[in-house]
Amino acid sequence: MNPKRCAACKYLRRRCPKDCIFSPYFPPSDPDKFACIHRIYGAGNISKMLQQLPVQTRAEAVKSLSFEAKCRVEDPVYGCVGIISLLQTQIQETQTLLAKTQAEIAVAQTKHSQTQISEFM
Amino acid sequence: MRGHEPRSSSSCAACKLLKRRCTPTCIFAPHFRSSDQITFAKVHKVFGASNVSKLLSEVPEEQRQETVNSLAYEADVRLKDPVYGCIGAIASLQKKMLELQHDIAVARNRLLAHNASGVNNNNNHVLSTLDDSPQLAAFLDLVPYSDLMLLDGSGLDAYLYDIGPPPFV
């Protein structure tokens, strides 16, 4: 038995086995991380998700799940989907602005060419 | 005959999946119609029915449909991308934003070059397209999602997939 339980096992008030699926990603030094992720997904779902992933990808999965859980706690209605929506809107607006600016550059270049021609003549 | 709680005429998708009686006060029923079992199945797989119930009970009733829509979207993306979920999508969009920022900067330099050469009599008008644009001003401040820097990003380049717009846009 792990002399020091991971944050997940501490939260769940159970012993932390040597092969605990949570312990590599939820150190006892950061109890809030597990509390947040458990609040949104539940320990059982997290365990299932991690079990279905190759070991080398689990750390990244926990990071992304933690971020999404944190977003959902801060914004219960939209969570991180609010960020996606905002980014998509900003990208659309900026693409429109870029297209407009590039059109103005084209107009300026055309005027420049016309000026050069009329000066030549 | 023993009295019992009146049954809904048809169970909602949640109660059908959970194999329980759907009551008139079921928190899921307004948002998970029986005609769409898949949405609840996805949400249940990622978040779990009891967590969804708790989340819904914590938001005002008028915002519950939006909450369900965003949960369904998040669950869908997570099932398609079990490692990065929505974070992969956010990273992909941020990368697009950085590319656009670069393109805007290039366009701006070209306009400035035109101004410097003095051949464009309308230079003030052209510059105002950029300087007075609130969208550009907002865009040039990089979205401060500093938490995303926690991801080492080694796998994120692969996740340049097209995601649909969230249902509430």
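Where in chain A is the place of Arg13(A)? The legends below take up this residue and then other parts of the predicted model.

**View 1. Arg13(A) sits in a loop of chain A.** The loop runs between helix 1 and helix 2 of chain A. Arg13(A) is not a glycine, yet its phi is positive, at about 55 degrees. Its side is open: Arg13(A) has a relative accessible area of 75%. Exposed means over 50%, so Arg13(A) counts as exposed.

**View 2. Lys19(B) lies in a loop of chain B.** Helix 1 (13–18) comes before this loop and helix 2 of chain B follows. Lys19(B) is a residue other than glycine, and its phi is positive, near 55 degrees. Is Lys19(B) buried or exposed? Its relative accessibility is 77%, so Lys19(B) is exposed.

**View 3. Helix 3 of chain A has buried residues.** This helix spans residues 43–51. Its buried residues are Ala43(A), Asn45(A), Ile46(A), Ser47(A), Met49(A) and Leu50(A). What do they pack against? In chain A, the partners are helix 1 (7–12), helix 2 (31–40) and helix 4 (55–74). In chain B, they are helix 2 (37–46) and helix 4.

**View 4. Helix 3 and helix 4 of chain B pack together.** Helix 3 covers residues 49–57, and helix 4 covers residues 64–80. Their axes are 10 Å apart, at an angle of about 145 degrees. The crossing is right-handed. Which residues make the contact? Helix 3 of chain B brings Val52(B), Leu55(B), Leu56(B) and Ser57(B). Helix 4 of chain B brings Arg64(B), Thr67(B), Val68(B) and Leu71(B). By class, five of these residues are nonpolar, two are polar and one is charged.

**View 5. Chain B is built with seven helices and zero strands.** From the N terminus, its elements run α-α-α-α-α-α-α. The chain has 169 residues, and 40% of them are buried. Take the contacts in chain B between residues at least 6 apart in sequence: 56% join residues at least 24 apart. The accessible surface of chain B is about 9500 Å². Carbon and sulfur atoms account for 53% of that surface.

**View 6. UniProt lists a "domain: LOB" feature in chain A and in chain B.** Both listings come from an unreviewed entry. In chain A, the record gives residues 4–105. That stretch is 69% helix and 0% strand, and its end C-alpha atoms are 65 Å apart. In chain B, the record gives residues 10–111. Here the chain is 68% helix and 0% strand, with end C-alpha atoms 64 Å apart.

Conventions
Residues are numbered from 1 along each chain as its sequence is written. Chains are lettered from A and ligands numbered from 1 in the order in which they are written. This is a predicted model: local features need pLDDT of at least 70, side-chain atom pairs count only at pLDDT 80 or more; totals for chains, interfaces and linings use all residues. Side-chain values use heavy atoms; hydrogens and water are left out. UniProt positions are given in the numbering used here, feature names are shortened, and annotations may be inferred rather than shown by experiment. Helices (H or I, at least four residues) and strands (E, at least two) are DSSP runs, numbered from the N terminus. Buried means under 20% relative accessible area, exposed over 50%, partly exposed in between (1.4 Å probe, protein chains only). Contact means heavy atoms within 4.5 Å. Accessible areas come from the Shrake-Rupley method with a 1.4 Å probe; for residues, only the protein chains shown count as cover. Axes are lines fitted to C-alpha atoms, for helices over the stretch in contact, and angles run from 0 to 180 degrees between N-to-C directions. A crossing is left-handed if the near helix is turned anticlockwise from the far one by less than a right angle, and right-handed if clockwise. Ala, Val, Leu, Ile, Met, Phe, Trp, Tyr, Cys and Pro count as nonpolar, Asp, Glu, Lys and Arg as charged, and the others, Gly among them, as polar.
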